[in-house]
Amino acid sequence: MNDKNRQEENLIIIGGGPGGLSASIYAARNGVAPLVLNGPEPGGQITTTSELENYPGFPEPIGGFELTQQMTEQAENFGVRLKYESAEEVDFSGDKFTVKTEGGEYIADSIIIATGAEPRTLGLEKEDSMRGNGVSYCATCDAAFFRNKEVAIVGGGDTALWEATFLAKFAAKVYIIHRRDKFRGAKILGDRVKDKENIEILWDTEVENIKGEKKFEGIRIFNNKTDEERDLDVKGLFIAIGHKPRTECLKGQIELDDHGYILTDKKQHTNISGVFACGDVQDPDYRQVVIAAGSGAKAAIEASEYIEEKENSFPAKEVKMKNHAAGDEAKDSSDTAKKEEGGLSLSLSLD
Ligand code: NDP
């Protein structure tokens with residue numbers, strides 16, 4: 001490895017979705033100069049959500065992509081550096097941590113993992129092109145767009161059952177399409193959907209295809225026992241067949257739960273001192289932007305403290321921050337960082 005490609009960093013944040021960006025903002029304000037490895041496309045899962053109505057501070061719905069852009073701009077105003085590279089391999093065995101990307105090798109005092117989780121897909125032909133346009137993987141995000149309309153949800157686990165109940169508050173009718181004749185999810189959730197007047201359960205049923213060329217026009221379903229086919233004239237298809245946390249690059253380096261999510265404590269610490277995780281990669285239950293952002297803030301506060309207390313940590317990089325008070329850019333980071341130190345100790349002592 002050419003030394004030119006070996007970069008020393010205080011803090012590397014792997015992932016540039018709401019969890020990673022929120023962590024970067026908090027870390028930068030704490031005087032750390034984080035480097036975010038963003039992956040080839042910025043923003044994470046949220047960029048695939050057409051509009052968010054439930055992120056506080058936005059009385060009008062905001063597009064997922066637009067929210068990411070604003071978070072990114074906010075991070076860059078604090079001097080956060082973003083690289084459009086993906087972590088391919090990590091080594092957490094030493095006192096310093098190594099992250100390899102296609103572009104080089106990074107050595108860091110501390111790491112925050114914010115790689116997210118992706119919804120499992122059915123693999124239907126138009127599933128990807130209709131995403132955000134009739135096909136959704138998040139009822140909490142999109143249910144309100146289907147007020148008084150008929151929708152279908154695929155899956156028989158806790159998520160599908162919980163989301164079906166949530167959808168039923170908005171939609172005129174909800175079809176649950178499940179491939180077996182028994183739910184996988186908790187009995188209490190199953191009983192709840194069975195009691196709802198506007199929920200119909202289609203057992204032993206699968207989706208054959210999505211109808212419509214450019215515009216979503218319903219689905220074709222089939223019974224996998226009788227082979228009987230029929231069209232469902234629904235306006236939306238929700239897919240809730242599980243999520244896959246993105247932990248491929250961590251291979252055997254960190255403790256995961258049975259479903260592959262990173263195990264963290266309440267303060268976002270993993271089993272490795274100095275390595276933290278936030279957002280959906282450690283959250284099998286909620287998968288919400290606001291929660292990812294909150295856990296990112298916690299991870300950054302913890303990582304900043306860890307770096308401050310570490311004896312041989314690398315010096316923080318000099319970065320340019322936008323000086324909000326002056327309305328222009330600060331000459332270097334040190335002045336601004338000093339100004340920000342008061343903010344850090346205040347927030348930590350309040351915690
Ligand atoms: P699960 O893996 O539990 O369930 C996935 C469901 O999707 C199953 O019913 C499965 O069918 C179905 N499925 C999978 N692949 C396909 C496919 N290709 N075509 C059709 N159907 C398919 O995932 P969940 O997201 O529901 O839950 C994940 C974890 O999160 C669980 O441990 C759950 O308990 C937890 N959770 C907890 C909640 C809580 O309130 N605490 C809320 C939500 C989730 P089959 O049953 O036939 O395998």
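A crossing of two helices is left-handed if the near helix is turned anticlockwise from the far one by less than a right angle, and right-handed if clockwise. The model shown in these views is predicted, so local features need pLDDT of at least 70 and side-chain atom pairs pLDDT 80 or more, while totals for chains, interfaces and linings use all residues. Residues count from 1 along each chain as its sequence is written.

**View 1. Helix α4 meets helix α5 in a left-handed crossing.** Here you can follow helix α4, residues 158–168, as its axis comes within 9 Å of that of helix α5, residues 187–195. The two axes cross at roughly 35 degrees (axes are fitted to C-alpha atoms, for helices over the stretch in contact; angles run from 0 to 180 degrees between N-to-C directions). Helices (H or I, at least four residues) and strands (E, at least two) are DSSP runs, numbered from the N terminus. From α4, the contact takes in D158, L161, W162, A164 and T165. Facing them from α5 are L189, G190, R192 and V193 (contact: backbone-placed C-beta atoms within 7 Å). By class, five of the residues in this contact are nonpolar, two are polar and two are charged (nonpolar: Ala, Val, Leu, Ile, Met, Phe, Trp, Tyr, Cys, Pro; charged: Asp, Glu, Lys, Arg; polar: the others, Gly among them).

**View 2. Helix α4 lies across strands of a parallel sheet.** Take α4 again, this time with its strands: β9, β10, β11 and β15 (236–239) all lie under its path across the sheet. The helix runs at about 170 degrees to β9. The open sheet itself has five strands with parallel pairing, in the order β8-β15-β9-β10-β11 (strands pair if DSSP finds at least two bridges between them). At its edges are β8 (135–136) and β11 (199–202), each pairing on one side only. Inside the sheet, look for β9 (residues 150–154) beside β10 (residues 173–177), joined in the parallel sense over five bridges. A handy landmark in this pair is A152, which stands opposite Y175 of β10.

**View 3. The ligand sits in a shell of 18 residues.** Among these residues, the closest to the ligand are G156, G157, T159, R184 and I241 (near: backbone-placed C-beta within 6 Å). Helix α4 appears once more here, as it gives the most to the shell, with four residues. What classes of residue make up the shell around the ligand? Six are nonpolar, seven are polar and five are charged.

**View 4. Helix α1 packs with helix α6 in a right-handed crossing.** Start from α1, residues 18–29, and find α6, residues 289–309, with the two axes 7 Å apart. The angle between these helices is about 40 degrees. On the α1 side, the residues that meet α6 are P18, G19, G20, S22, A23, Y26 and A27. The α6 side offers V289, A292, A293, S295, G296, A297, A299, A300, I301, A303 and S304. This contact has twelve nonpolar residues, six polar ones and no charged residue.

**View 5. Helix α1 also packs with helix α2, with a left-handed crossing.** The partner this time is α2, residues 64–77, whose axis lies 9 Å from that of α1. Their packing angle is about 20 degrees. P18, L21, S24, I25 and A28 of α1 make the contact with M71, T72, Q74 and A75 of α2. Six nonpolar and three polar residues take part, with no charged ones.

**View 6. Strands β12, β13 and β14 form an open antiparallel sheet.** The strand order is β12-β13-β14. β12 and β14 each have a single partner strand, so one side of each is left without a neighbour in the sheet. From one strand to the next, the twist averages 35 degrees. To trace the sheet, begin with β12 (residues 205–210), which pairs with β13 (residues 219–223) over five bridges. Within that pair, V207 stands opposite I221. Moving on, β13 pairs with β14 (residues 229–232) over four bridges, again in the antiparallel sense. I219 of β13 faces L232 of β14, and I221 stands opposite R230.

**View 7. A hairpin joins β13 and β14.** Which residue of this hairpin takes a positive phi? It is D227, with a phi near 65 degrees, in a hairpin that has five residues between the strands.

Definitions and conventions:
Contact = placed C-beta atoms within 7 Å.
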